[in-house]
Amino acid sequence: MTVSDNMSAEQSDILLDVQDLSVEYASPGTTPVTAVHDVSFTLRRGEFVGLVGESGSGKSTLGFALTRLQKPPARINGGRILFGGRDIRELGTEELRQQRQGGFAMVLQSGMNALNPVRTIGSHFQDIFAAHGHVPREARDARARELIGKVGLQAEVLGRYPGELSGGMRQRASIALALSLEPQLMVFDEPTTALDVLVQHAVMDTIKELQRTEHFTAILISHDLGIVLEATDRVMVMHEGRIVEDAPSRKILDDPSDEYTRMLLSHYADPRAKTISIPGFVDLGTRRREGRSRTDVTETVPTVSERDTRRADAAIVVEGVSKHYPAPRRGQEAVTAVDDVSFRLEPGEALALVGASGSGKSTIAKLITGVEKPSSGSVRFGDTDVASLKRRGLRDLRKDVQMVFQDPYAALNPLHTVEYALTRPVMNYTKLRGQEARARVLELLETVGLTPVEQFAAKLPHQLSGGQRQRVVIARALASDPQVLIADEPVSMLDVSLRAGVLALLEDLRERWGISMLYITHDLLSARLVTENILVLNSGRVVERGETSQVLQHPEDPYTIQLLDAVPNPARIR
């Protein structure tokens with residue numbers, strides 16, 4: 001074989017060749033913002049490549065550009081995207097539609113947002129088959145069943161609506177829909193974000209198996225370097241719109257060349273380790289043994305302001321609680337969400353409630369806050385039976401027991417400023433009005449480390465980062481001067497570098513203000529960092545309990561071991 005033959009073979013092996021690609025956001029009347037700067041790389045056929053970076057790095061913008069799914073105000077303003085040697089930037093609407101069948105497809109971040117809530121899953125397949133005409137009418141039902149089976153779902157899912165499926169099932173259905181185009185290139189944009197570790201692990205196993213059996217090239221976009229390193233052979237690290245590192249996964253782990261990559265790696269640790277330390281944090285068990293507070297160990301994260309406040313003096317006592325829901329459909333069985341659960345949250349304690357989706361964690365939070373009433377058993381806050389409370393009593397309870405919600409994007413009204421979002425609970429739970437209420441709002445912003453406070457008070461939610469939004473959600477929960485915070489997955493949607501700051505804030509509130517915290521999570525690493533004790537829930541029942549560090553270092557129940565084994569761990573690829 002001649003040199004020219006070798007060069008020709010190598011070129012034919014390249015599926016995607018991106019040359020000096022730039023993408024900007026240009027809204028009328030505003031200065032264009034460049035999100036992707038002169039990015040160049042190639043993908044060979046059959047490669048599985050990770051694209052990792054934090055929110056705002058440009059990775060999703062790049063993914064949309066590669067599949068020509070970007071919409072105004074985003075626009076490609078430079079470079080070439082050669083797919084199979086053809087520049088897809090030059091394709092018209094009809095040519096692009098034809099290219100998608102057998103060409104490229106994208107799986108979006110949220111399975112719920114990617115699916116039409118009023119159409120069955122089966123009708124989604126029928127729409128794709130009809131639009132592209134690559135499956136004969138008489139074979140469409142069988143092809144849909146085949147595809148849904150490939151992602152590990154039963155054929156009966158085709159007759160169900162997206163709202164009737166779990167998050168993992170919706171994501172699998174989205175993958176099957178993308179597969180229906182028989183693509184050569186699949187782009188997965190954050191396919192496991194906000195899924196619990198077991199579902200996350202299962203979805204990634206499905207993607208890896210499909211990539212092997214269906215022989216497509218894949219790009220996995222994620223802010224989680226641990227997931228990317230475990231799944232892919234090669235990693236591209238993106239920061240501020242540029243690819244700052246492109247190397248095999250093993251090299252990224254053992255010898256990263258860029259400081260940003262080293263920062264991402266530094267935020268990972270094994271929950272089972274004897275001592276855990278990430279930037280800005282040393283685990284609570286170690287600090288307790290050494291008699292030190294978090295701020296004695298690290299000062300890298302802004303701490304809460306000092307303020308006179310009443311410390312928690314009432315325990316939450318859950319005794320023999322069960323919660324049953326009627327069958328969701330005729331012919332199906334009733335659902336037991338919580339099954340004979342008992343525990344105490346002592347004043348000033350941090351207790352972790354961990355388990356996969358459907359284990360009953362959030363249902364317990366609803367029972368404690370009075371949103372739901374138990375089918376049996378009791379929930380008490382101090383001397384108060386929560387289930388017996390009516391409207392005024394529930395209002396008083398929620399002054400003392402506040403929620404921090406999982407999704408900082410959905411928890412804030414996009415039309416209202418931060419000041420308005422905080423002023424409402426200040427006025428509802430205190431007698432403060434006017435300038436006194438505003439002073440309290442500014443104090444809350446300072447408490448959660450959002451300074452200068454006047455600037456943050458005037459911002460809208462979309463003008464804040466994910467970590468800043470979550471700090472506003474925490475500030476809103478503090479407006480009533482509560483005794484207890486129920487933090488429901490407060491860091492699951494945040495980048496790794498932002499998590500330490502939010503966790504440090506929660507820990508400082510507990511240490512300095514004496515607040516009790518029920519920390520609900522599937523993230524065992526964060527539970528290890530900020531809680532003293534832990535309950536492990538499986539199918540509504542407590543299967544293991546004890547001191548957090550002891551339970552995670554020496555798990556006894558097979559379910560706890562399964563949770564630990566599913567935690568993304570970059571070092572595992574060694």
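**Exercise 1. State which residue just after helix 17 takes a positive phi, and describe the helix before it.**

Step 1. Just after helix 17, G449 has a positive phi of about 80 degrees. The structure is a predicted model, in which local features need pLDDT of at least 70, side-chain atom pairs count only at pLDDT 80 or more, and totals for chains, interfaces and linings use all residues. Residues are numbered from 1 along each chain as its sequence is written, and side-chain values use heavy atoms, with hydrogens and water left out.

Step 2. Helix 17 covers residues 434–447; helices (H or I, at least four residues) and strands (E, at least two) are DSSP runs numbered from the N terminus. From first to last C-alpha, its 14 residues reach 20 Å, close to the expected 20 Å, which is 1.5 Å times one less than the number of residues.

Step 3. Among the buried residues of helix 17 are R440, L444 and T447, where buried means under 20% relative accessible area (1.4 Å probe, protein chains only). Their cover includes helix 16 (418–429) and helix 20 (496–513), with contact meaning heavy atoms within 4.5 Å.

**Exercise 2. Determine the strand order of the open sheet and locate its edges.**

Step 1. Six strands follow the order 6-7-8-3-9-10, with mixed pairing; two strands pair if DSSP finds at least two bridges between them.

Step 2. Strand 6 (104–107) and strand 10 (242–248) are the edges, each pairing on one side only.

Step 3. Strand 9 (residues 234–239) joins strand 10 in the antiparallel sense over six bridges. Within this pair, H239 stands opposite R242 of strand 10.

Terms used:
Buried means under 20% relative accessible area, exposed over 50%, partly exposed in between (1.4 Å probe, protein chains only).
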